[in-house]
Amino acid sequence: MLLDLRTIYVVSAMTCLVLGCAHLAAYNTGRFGRWPAWWGASNLLVGMGTVLVSLRGFVPSFFSLDVGNVATIAGYLLMFFAVRIFAGRSIDGRRCGLVLACISLPVLIFTIDPTAVSARIFYVSVVCCLCDLAILRETIGIYRREKSFAAWLFAWLYVPTAVMFFIRSLLAATGVIGGPDVFGSSPVHSWMATTAVVFIALRSMVVVLMAAERSTNELMELAHHDPLTGALNRCGLAQRLPLQTSLPVAVLAIDIDHFKQLNDLHGHVVGDDMLKLFAGVVRNVLRPVDLLSRQGGDEFLAVLKDVSAEGAVATAESIRAAFSVAVSRVPELAVSPTLSIGVAASAQPIVDFEQLLREADEALYFSKRQGRNRVEAFVAQEHAA
């Protein structure tokens with residue numbers, strides 16, 4: 001049974017208009033940033049353009065064809081801009097308007113003849129296909145940065161529509177669809193239009209899921225990280241500690257020497273800057289697989305994976321030396337902080353981190369007793385004495 005294309009257009013238009021209003025309502029809550037406004041405007045324009053096209057034969061061709069197609073193209077471009085804003089990219093409104101005008105102009109130039117349906121379908125399909133591919137590329141970038149499942153799903157929802165628009169442009173170019181009657185008897189055209197309605201609805205739902213997943217991930221980041229230094233907090237470290245490993249693991253217990261004096265003499269702002277300086281120095285020394293955690297105040301832990309005791313001591317010495325150089329570049333300090341570091345390592349396949357932390361702490365306190373500004377490795381016999 002052949003689907004009535006005009007009816008499909010009307011259903012598609014109503015779907016877009018409802019979704020557009022829903023996204024604009026979400027924007028008005030102030031909780032989602034600017035992208036819902038652009039996405040809502042996109043759906044409204046596509047919906048209005050589709051309504052006008054569906055009214056061909058009832059309204060003048062200028063409105064049903066020219067205005068309708070321009071509105072559809074504008075809606076697709078706004079969808080691309082919405083995704084760019086979601087990705088955190090800046091958007092220049094004037095440039096957006098210029099791009100819209102340049103892309104829409106051919107609709108008014110080479111479709112003056114109301115019977116040139118194939119030319120219009122071909123041009124609009126090519127523009128929409130390119131927009132879908134651009135959105136696909138932008139969303140893949142979001143997925144790579146955020147590792148978001150919703151972003152991965154959202155990206156692949158644009159693959160079928162890009163393919164459909166490409167096929168639609170080929171059919172229009174070869175005259176299979178088009179002719180004097182845009183609502184002709186092509187079953188392929190009808191089924192593609194029906195499928196498009198489904199993808200329009202799915203994309204509008206998944207983009208909301210993508211925003212919700214981002215919000216959840218941001219909350220998790222805040223819950224697991226120290227807001228001042230960006231290092232893991234206790235909860236974050238517990239979440240990331242490997243419970244079982246066949247590789248050697250080491251823990252560095254790090255304390256900033258003379259930190260209280262620094263705060264007393266220069267104030268907490270300088271103290272906070274010193275903590276951030278320390279965290280930056282450590283990140284430059286550690287590898288991506290290693291972990292840095294702020295335990296509280298000026299006390300930090302570093303967990304090194306796949307490293308021997310000798311390698312852990314060498315890393316600790318690198319941190320101590322790099323921090324000394326960084327501090328020497330800070331002007332007008334009455335007190336120059338240094339680092340005392342205790343190192344404990346385990347090569348056992350099942351790591352008892354509580355024991356490893358106790359050993360690192362013992363080595364740290366031994367370092368302080370020996371005069372500070374030094375690295376000490378845990379040795380059971382020495383610390384027992």
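Let us start at Arg84, which is partly exposed, with a relative accessible area of 22% (buried means under 20%, exposed over 50%, and partly exposed in between, using a 1.4 Å probe and protein chains only). This is a predicted model, in which local features need pLDDT of at least 70 and side-chain atom pairs count only at pLDDT 80 or more, while totals for chains, interfaces and linings use all residues. Residues are numbered from 1 along each chain as its sequence is written, and side-chain values use heavy atoms, leaving out hydrogens and water.

Arg84 has a partner in Glu138: the two form a salt bridge, with the closest N and O atoms 3.4 Å apart (a salt bridge is a side-chain nitrogen of Lys or Arg within 4 Å of a carboxyl oxygen of Asp or Glu). Because Glu138 lies in helix 5 (residues 117–146) and Arg84 in helix 3 (residues 61–86), the pair ties together parts 54 residues apart in sequence. Helices here are DSSP runs of H or I with at least four residues, strands are runs of E with at least two, and both are numbered from the N terminus.

Glu138 counts as buried, at 5% relative accessibility. Glu138 also meets Arg89 in a salt bridge (2.4 Å, N to O). Arg89 sits in the loop between helix 3 and helix 4 (93–109), 49 residues from Glu138, and is partly exposed at 38%.

Elsewhere, Asp226 and Arg294 form a salt bridge at 3.2 Å, N to O. Asp226 is buried at 12% relative accessibility, and Arg294 is buried too, at 17%. Returning to our starting residue, shared partners join Arg84, Arg89 and Glu138 into one salt-bridge network. The structure holds 14 salt bridges.
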